[in-house]
Amino acid sequence: MFAQAATAQTLNIPFGAGRHHAEARRTPASFSPDQPHQVVFYDANEEIYAQGEQASALYQVEFGAVRLYRLLADGRRQISAFHIAGEVFGFEADGQHHFFAEAVGHAGIRVFRQPASEINWRQTLDAALAALVRAQEHLLVIGRQNAAERVAAFLLDMMERQNSDREVQLAMSRTDIGDYLGLTIETVSRTFSKFKSRGLVRLANTRTVEVINVEALRAMCD
């Protein structure tokens, strides 16, 4: 991991990270343009912060993806959220992190260490409310009885958050998706295969899903 100072208008990509130039061209706007920040680069599975640590900053994904998770008493992992480019995370009510945050793959994270001020409180509130809405929607997804409904809702959610009409890029593994939806990796893989055989999706590779029948997936979620 390493950090470089950055302004709200500047993206610094580490030397040798040419494979990430596409992400750089799609760099999202800062959620708080008037607030100074640093861009910190993380390798895959590298920890951003740990459960129990003091919450002293807010974080915005510049490229890549982040997972928030908690380890259960029996050793299992429960992923509570994924955050992709442009999304903000790290909100805590009591000044302490209640989840671990890790980079899913190579990621660039904007770190905002200054508290909200009169200038940027509105942007901070909007970002916090957006995170709350996503958390509420996730509770609705994992409350579904059917594995197909959960996977369908997940694909539609990711498609909307990526502003895509059909194609969904999945930075996370099938294991990650299972830990997020409360399913086993076998169930997730089997559900993707069923969707493919029914002509609902096309699996270009393990990370790219083309949704062929959006309405059919939406019907599962109604």
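Contact here means heavy atoms within 4.5 Å. Helices (H or I, at least four residues) and strands (E, at least two) are DSSP runs, numbered from the N terminus. With that in hand, here's a first picture: helix α5 (residues 185–197) lies across β11 and β12, running at about 120 degrees to β11. Axes are lines fitted to C-alpha atoms, for helices over the stretch in contact, and angles run from 0 to 180 degrees between N-to-C directions.

What you're looking at is a predicted model, where local features need pLDDT of at least 70 and side-chain atom pairs count only at pLDDT 80 or more, while totals for chains, interfaces and linings use all residues. Residues are numbered from 1 along each chain as its sequence is written, and side-chain values use heavy atoms, with hydrogens and water left out.

**The overall count**

- The protein's secondary structure comes to six helices and 12 strands.
- Of its 222 residues, 43% count as buried; that means under 20% relative accessible area, with exposed being over 50% and partly exposed in between (1.4 Å probe, protein chains only).
- Take the contacts in the protein with a separation of 6 or more: 72% of them link residues 24 or more positions apart.

**The three-stranded sheet**

- Three strands make an open sheet in the order β10-β12-β11, with antiparallel pairing; two strands pair if DSSP finds at least two bridges between them.
- β10 (167–169) and β11 (201–205) stand at the edges with a single partner strand each, so one side of each has no neighbour in the sheet.
- From one strand to the next, the twist averages 25 degrees.
- β11 and β12 (residues 208–211) pair in the antiparallel sense over four bridges, and a hairpin joins β11 to β12 through two residues.
- Among the bridge partners, Asn 205 goes with Thr 208 of β12, and Arg 202 goes with Glu 210 of β12.
- On the other side, β10 and β12 pair in the antiparallel sense over three bridges, with Val 168 opposite Val 209 in β12.
- Helix α3 (residues 147–161) lies across β10, β11 and β12, at about 90 degrees to β10.

**The four-stranded sheet**

- Another open sheet has four strands in the order β3-β8-β5-β6, again with antiparallel pairing.
- Its edge strands are β3 (47–49) and β6, and each pairs on one side only.
- Neighbouring strands of this sheet are turned by 30 degrees against each other on average, direction ignored.
- β5 and β8 pair in the antiparallel sense over four bridges; one of the matches puts Val 66 with Ala 103 in β8.
- α4 packs on this sheet, touching β5 and β6, and its direction makes about 110 degrees with that of β6.
- α4 is mostly covered, with seven of its eight residues buried; among them are Arg 174, Asp 176, Ile 177 and Tyr 180.
- Gly 182 follows α4 and has a positive phi, near 75 degrees.

**The nonpolar cores**

- A nonpolar core is a set of buried Ala, Val, Leu, Ile, Met, Phe, Trp, Tyr and Cys residues joined through side-chain atoms within 4.5 Å.
- The largest one has 36 residues, and those with the most contacts inside it are Phe 154, Leu 155, Phe 195 and Leu 217.
- Elements that each supply at least two residues of this core include β5 (65–71), β6 (77–84), α4 (174–181) and α6 (214–221).
- α3 gives the most to this core, with 10 residues.
- Domain 1 (33–138) and domain 2 (144–221) both give residues to this core, so it lies between them; the domain bounds come from an automatic or database domain assignment.
- Leaving aside neighbours within four places in sequence, Leu 155 is in contact with Val 168, Phe 192, Phe 195, Val 201, Val 209 and Leu 217.
- A second, separate core of 16 residues includes Leu 68, Phe 89, Ala 103 and Ile 109.

**A buried histidine**

- His 97 is found in the loop between β7 (88–89) and β8 (100–103), and at 1% relative accessibility it counts as buried.
- The side chain of His 97 makes a polar contact with the side chain of Glu 92 (3.3 Å). A polar contact is a pair of N or O atoms within 3.5 Å; within protein, one must be able to donate a hydrogen and the other to accept it, and residues adjacent in sequence count only if both atoms are side-chain atoms.
- Not counting residues up to four places away in sequence, His 97 touches several others, including Tyr 49, Gln 51, Glu 53, Tyr 59 and Gly 90.
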